[in-house]
Amino acid sequence: MPGASRGEHRVLIIDDHVLFAESLELALSLEGYDVRRLEPPDEGGSMATLRSLALRANPRTVLLDLDLGRFGDGMNLVAPLARANANVVVLTASEDIGRWGACMRLGARKVLSKTGALQQALATVRRLHQGLPVVTREELESLLEAWARDRQAHDDVRRRLDLLTPRERQVLGALIEGRTVRAIAQDSVVSEATVRTQVKSILGKLEVSSQLAAVGMANQVGWKVGA
């Protein structure tokens, strides 16, 4: 908060890239901040474990990586930390601007590319400590618009996938697993011609021209046969 000493401003670093996290910790400590690095358990644990540890640390600012290795997508921590009144600054190697917008929508104060992030992170923490804005209105609107475009595209893909019949969903699921038309026909005790007809229908409904594109589209939205 403005007026408080840097020593009263607790910064929590959540990043499984040890060298980068240690560099942040050292730089912020030298500037006088109360810096902690979240130490996830070596074995076991889950995103819920990280959330509990992070909230228990009671940070004023959190420097959060989106790629948390075996724990998954750090975006799952943005909203609970923001609700706890922490300033969430996302650090990511991802250049997916729609994903950046999703973080802002969930309550992040700023998203920084990991390319050259150290100095930018330091500057952002300083401004947050001083109670100054860290993102312009134009930048925020641009990121939220990117999120909205991605969301619309996602919904469109889901709409197309919902057009598939139960049998077509099974065939697409088999294609995702890497099975050939011949293998699918043998497993289903039908002719290869029948499976090819089903694949052709899948491609038509998804509006793509190849099996690879159909599989990529399904994976893009995390589609599962039973979903």
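**Helix packing and the setting of histidine 9**

In the predicted model, helix α1 meets helix α5 through Phe20, Ser23, Leu24, Ala27 and Leu28, which face Ala117, Leu118, Ala121, Leu122 and Val125 of α5. By class, the residues of this contact comprise nine nonpolar and one polar, with no charged residue among them. The two helices, α1 spanning residues 18–30 and α5 spanning residues 117–129, pack at an angle of about 40°, and their axes lie 11 Å apart. Because this angle falls neither under 35 degrees nor within 65 to 115 degrees, α1 and α5 are described as oblique to each other, and the crossing of α1 past α5 is right-handed.

A second helix pair is formed by α7 (residues 166–176) and α10 (residues 211–220), which pack at an angle of about 95° with their axes 10 Å apart; α7 is therefore roughly perpendicular to α10. In this contact, Leu172, Leu175 and Ile176 of α7 meet Gln211, Ala214, Val215, Ala218 and Asn219 of α10, and the residues involved divide into six nonpolar and two polar, with no charged residue.

Histidine 9 is located in the segment that precedes strand β1 (10–14). With a relative accessible area of 1%, histidine 9 is classed as buried, since that class takes in values under 20%. Leaving aside residues up to four places away in sequence, histidine 9 touches Tyr33, Asp34, Arg60, Thr61, Leu128 and His129. With threonine 61, the side chain of histidine 9 makes a polar contact, side chain to side chain, at 2.8 Å.

Notes: Residues numbered from 1 in each chain as written. Predicted model: local features only at pLDDT ≥ 70, side-chain atom pairs only at ≥ 80, totals over all residues. Heavy atoms only, no water. Helix = DSSP H or I, 4+ residues; strand = E, 2+ residues; numbered from the N terminus. Buried < 20%, exposed > 50% of the residue type's maximum accessible area, 1.4 Å probe, protein only. Polar contact = N/O pair within 3.5 Å; in protein donor to acceptor, adjacent residues only side chain to side chain. Contact = heavy atoms within 4.5 Å. Axes fitted to C-alpha atoms, helices over the stretch in contact; angles between N-to-C directions. Parallel < 35°, antiparallel > 145°, perpendicular 65-115°, else oblique. Left-handed = near helix turned anticlockwise from the far one by under 90°. Nonpolar A, V, L, I, M, F, W, Y, C, P; charged D, E, K, R; others polar.
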